[in-house]
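Here are my notes on the model you sent. They start with one residue and then widen to the fold and the ligand shell.

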Amino acid sequence: MSLVRVHNFSISLDGFGAGEPQTEDTPMGHAGHRLHEWMTATHAWQHTGGSRGVDNLYTQDTDTGIGAEIMGAGKYGYPGWHDDADWTGWWGSNPPFHTPVFVLTHHPRPPLEMDGGTTFHFIDAAPAEALAAAREAAGDADVRIGGGATVIRDFMAAGLIDYLHAVVVPIVLGHGSRLWDGLEGQEADYQIESICSPSGVTHLTFTRRGL
Ligand SMILES: NC(=O)c1ccc[n+]([C@@H]2O[C@H](COP(=O)([O-])OP(=O)(O)OC[C@H]3O[C@@H](n4cnc5c(N)ncnc54)[C@H](OP(=O)(O)O)[C@@H]3O)[C@@H](O)[C@H]2O)c1
């Protein structure tokens, strides 16, 4: 069975995966770019230049063996994108996914085929149903849960995540979209490792026991 993986999900010390308010000009709210500075400094992100150290080792694993992604409506666009018929996501005409992407939303619309192999499918479905659709599209490959915090939390609560790579960034956000709410005791199901990077972030990996 293919795996369900989360990569590079960056959270503040108090567990927020995004600040607020999320707008077209400030997609991460008051967090700005601070949750992802560790990642955008890597060679895997920059392609030319960038660090080839610990952070890069994690970042370069992101796309390997992935055949489909599931993301939330909050990652796909700013609040209100549903009312914008021309909105095609943040990523331009050739998004970096290059696979089918299932966008969970209460406002479904027809599939949107982009350049480079990305097709967005907009579905209103429970996590297990969405995963079945993504698995079928991915074939033998793995499915990535791309975030945000709400969607990762729901999939984890449903027991559907096999591997979670979370990155704790040493900032305090105080409010926003929080990952861990309602997930009490989840650690019992996982082997957990943590590695502190010289960049200041801590990489946490949760690997489901018995995989
Ligand atoms: N820290 C990171 O590494 C990281 C990674 C990815 C994204 N982000 C950021 O995280 C923020 C978004 O996170 P978020 O937690 O606010 O939102 P989210 O998880 O992206 O999306 C949640 C929304 O998706 C829709 N949805 C979720 N489950 C559904 C279901 N089962 N059926 C139908 N619709 C469903 C609902 O939207 P509707 O009711 O409106 O349809 C829900 O409000 C953005 O700022 C994004 O940039 C951060």
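1. Ser199 first. This is a predicted model, and in it Ser199 is partly exposed. The reason is a neighbour count: 18 other C-beta atoms lie within 10 Å of Ser199, and a residue counts as buried only at 20 or more, as exposed at 12 or fewer.

2. Where does Ser199 sit? Its place is the loop between strand 10 (190-196) and strand 11 (202-208). Leaving aside residues up to four places away in sequence, Ser199 touches Trp38, Ala41 and Asp55. Ser51 is 148 residues from Ser199 along the chain, yet their C-alpha atoms are separated by 10.0 Å.

3. Overall build. The chain holds six helices and eleven strands. Its C-alpha trace spans about 45 × 40 × 35 Å along the principal axes. A compact globule of 211 residues would have a radius of gyration near 17 Å; the chain has 16 Å, so the two agree.

4. Burial and contacts. Of the 211 residues, 33% count as buried. Take the contacts between residues at least 6 apart in sequence: 66% of them join residues at least 24 apart.

5. The sheet. Nine strands make an open sheet, and the pairing is mixed. The order is 5-6-4-3-7-1-8-11-10. Which strands are at the edges? They are strand 5 (112-113) and strand 10, each of which pairs on one side only.

6. Strands 3 and 4. Strand 3 (residues 66-72) pairs with strand 4 (residues 100-104) in the parallel sense, over four bridges. One residue to look up here is Gly72, whose bridge partner in strand 4 is Leu104.

7. Helices on the sheet. Helix 5 (residues 127-138) packs on the sheet and touches strand 1, strand 3, strand 4, strand 6 (119-123) and strand 7. The direction of helix 5 makes about 150 degrees with that of strand 3. Helix 6 also packs on the sheet, touching strand 1, strand 3, strand 4 and strand 7. For helix 6 the angle is about 135 degrees, taken against the direction of strand 7.

8. Strand 1. Is strand 1 largely enclosed or open? Eight of its nine residues are buried, so strand 1 is largely enclosed by the rest of the structure. It pairs with strand 7 in the parallel sense over two bridges. Arg5 has Arg144 as its bridge partner in strand 7. Six bridges join strand 1 to strand 8 (residues 163-169), and these two strands also run parallel. There, Val6 stands opposite Leu164.

9. The ligand shell. The ligand has 28 residues around it. Which of them come nearest? They are Gly72, Gly74, Gly147, Gly148 and Thr150. The elements that give two or more residues to the shell are strand 1 (4-12), strand 2 (16-18), helix 4 (73-76), strand 7 (142-147) and helix 6 (149-157). Helix 6 gives the largest share, four residues.

10. Make-up of the shell. By class, the residues around the ligand divide into eleven nonpolar, 14 polar and three charged. Gly72 deserves a second look in the viewer. It is among the residues that come nearest to the ligand, and it is also the bridge partner of Leu104. Helix 6 likewise appears twice: it packs on the sheet, and it gives four residues to the shell.

Terms used: Residues are numbered from 1 along each chain as its sequence is written. This is a predicted model: local features need pLDDT of at least 70, side-chain atom pairs count only at pLDDT 80 or more; totals for chains, interfaces and linings use all residues. The radius of gyration is taken over C-alpha atoms; the globule rule is 2.2 Å times the number of residues to the power 0.38. Two residues are in contact if their C-beta atoms, placed from the backbone, lie within 7 Å. A residue is near a molecule or strand if its C-beta atom, placed from the backbone, lies within 6 Å of it. Ala, Val, Leu, Ile, Met, Phe, Trp, Tyr, Cys and Pro count as nonpolar, Asp, Glu, Lys and Arg as charged, and the others, Gly among them, as polar. Two strands pair if DSSP finds at least two bridges between them. Axes are lines fitted to C-alpha atoms, for helices over the stretch in contact, and angles run from 0 to 180 degrees between N-to-C directions.
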